[in-house]
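Here's a quick walk through the inside of this protein. Have the structure open and turn it as you read.

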Amino acid sequence: MIFVGGLPFSTNNSSWSSSSSQGSDILVALLEHPVLVSASHSFKSMEETKVSVSSETPSPSKYVYVFQREYATVDPALVDYVGTDEATTCVGLVIRNRRNRMTSIAHMDNPEIVDIGLCQMLSLVVDHDLDAELDHANVTTISECYSDMDGYSLPLCRKLVDTLQRRQEKFHVQTLHVLGHNTKRDSQGNAYPIFHGFLVETCTGSLSPASFDGTSRCPDEIVRRIRVTSSYEDTSWNGKLLETYDTQTDRFVIAPCRWTVRKLHIVMSLQQLSDEEILRRCSTSPSAEGPDFVENLRRQWNYLIKRPDWRETFPWKQPRVFQRAADGGWRRC
């Protein structure tokens, strides 16, 4: 159930005919709620934090980063900050338990992963002996506006708020910086996200806009990027967020994912295209992607061409495990 400003949220609409229409009503009402409009304005006025592990002090903070379709639940006793970025038509979600401060974040890319994905996120956040009240905040990406029914972000946002409202837990929505609230336009009318990501301070729950560089999008960047697209052909991941991080041990345990010969053939074909054509074919929002979008794709494809058998990356179907080093970074076990 959704709460805003400490009160149960309702649209006062008795004419809902389907989950889809109910989700639309909830989403529109939330986007127009004065408390959340004010919170969105405040978030928009913040300066973006640029996260770079190499610029850390001799006593580095401990970060956990999640890529698209991943999630991680972190213990504030072990992790200082958790975040994600590179979102264009995805939704970043944060759920934090006010009592035990356990924090879970996800980078969702499809409405089909919302139901199971929320269960994955909540499994370690909710203390089932408590009537836990949960903070929920999300930062999403571009859409024409919340009435644009063809926008990539809209079905995901609609599904998300509808599911939160239907669940028995109490979700106190703090920030809803989505769709039109997080959209700007260039002189040609192309829509861009104002912010592509966020960072959460685990001990306080404070949320700020953020971007990460190559030193902080780790560990095992290439393999984790490859899992995003490969997971759509791997039925073991149907409807699920990708398992990535072990909360109790503060280790990245990157679960195996299969890629097919078909994927390899597609990759070899795409690798021959120009950068412009790759951007057009491989992005849901070509005008909004970061400058390294195509380069990151080519690095993934080169890896796949060199290692066409997924079992070379995940021998005996075992996860790739990384533990935290003394400098706050990661090393492979």
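A charge counts as sitting over a ring when NZ of Lys or CZ of Arg is within 6 Å of the ring centre and within 35 degrees of the ring normal. With that in hand, look at Arg 69: its charged end sits over the ring of Tyr 232, 4.8 Å from the centre. Arg 307 does likewise with Tyr 303, lying over the face of that ring at 4.2 Å from its centre. Keep in mind that this is a predicted model.

**The open sheet**

Now for the strands. Five of them, in the order S3-S14-S13-S6-S4, make up an open sheet with mixed pairing. At the edges you'll find strand S3 (49-51) and strand S4 (63-65), each of which pairs on one side only. From one strand to the next, the twist averages 35°. Inside the sheet, strand S6 (residues 81-84) and strand S13 (residues 198-201) run antiparallel and are joined by 4 bridges. One of the residues to click on here is Tyr 81, whose bridge partner in S13 is Glu 201.

**Rings around Tyr 65**

The model has 7 aromatic pairs. Two that share Tyr 65 are set out here.

| Pair | Geometry | Centre to centre | Between the planes |
|---|---|---|---|
| Tyr 65 and Phe 67 | edge-to-face | 4.9 Å | 80° |
| Tyr 65 and Phe 212 | edge-to-face | 4.8 Å | 65° |

The pair of Tyr 65 and Phe 212 links distant parts of the chain: Tyr 65 is in strand S4 and Phe 212 in strand S14 (residues 207-212), 147 residues apart. Taken together, ring pairs tie Tyr 65, Phe 67 and Phe 212 into a cluster. Are these rings buried or exposed? Tyr 65 counts as buried because its relative accessibility is 2%, and Phe 67 is buried too, with a relative accessible area of 3%. Phe 212 is also buried.

**Two nonpolar cores**

In soluble globular proteins, nonpolar side chains tend to be buried together. Here the largest nonpolar core has 33 residues, and the ones that touch the most other members are Ile 2, Leu 30, Ile 95, Met 108, Leu 118, Met 121 and Leu 160. Several elements supply at least two residues each, including strand S1 (2-4), helix H1 (19-32), strand S7 (91-97) and helix H4 (153-166). H4 gives the most, with 6 residues.

Take Leu 30 as a way in. Leaving aside neighbours within four places in sequence, Leu 30 is in contact with Ile 2, Val 4, Phe 9, Leu 36, Val 161 and Leu 176. Apart from this core lies another, of 18 residues, among them Val 74, Val 94, Ile 105 and Tyr 245.

**Helix H5 and what surrounds it**

How many residues of helix H5 (residues 221-230) are buried? The helix is mostly covered, with 9 of its 10 residues buried. Ile 222, Val 223 and Ile 226 are among them, but so are Glu 221, Arg 224, Arg 225 and Arg 227. The buried residues of H5 pack against S4, strand S16 (251-254), helix H6 (261-270), helix H8 (293-306), H9 and strand S17 (320-324).

Helix H9 (residues 310-313) holds Thr 313, which counts as buried because its relative accessibility is 2%, under the 20% cut-off. Sequence neighbours within four places aside, Thr 313 is in contact with Val 223, Trp 259, Tyr 303, Arg 307 and Arg 320. That list brings back Tyr 303 and Arg 307, the ring and the charge that lies over its face.

Definitions and conventions:
Residues numbered from 1 in each chain as written. Predicted model: local features only at pLDDT ≥ 70, side-chain atom pairs only at ≥ 80, totals over all residues. Heavy atoms only, no water. Pairing = 2+ DSSP bridges. Axes fitted to C-alpha atoms, helices over the stretch in contact; angles between N-to-C directions. Buried < 20%, exposed > 50% of the residue type's maximum accessible area, 1.4 Å probe, protein only. Contact = heavy atoms within 4.5 Å. Phe/Tyr/Trp six-rings, centres within 6.5 Å; stacked < 30°, edge-to-face > 60°. Core = buried A, V, L, I, M, F, W, Y, C linked by side-chain atoms within 4.5 Å.
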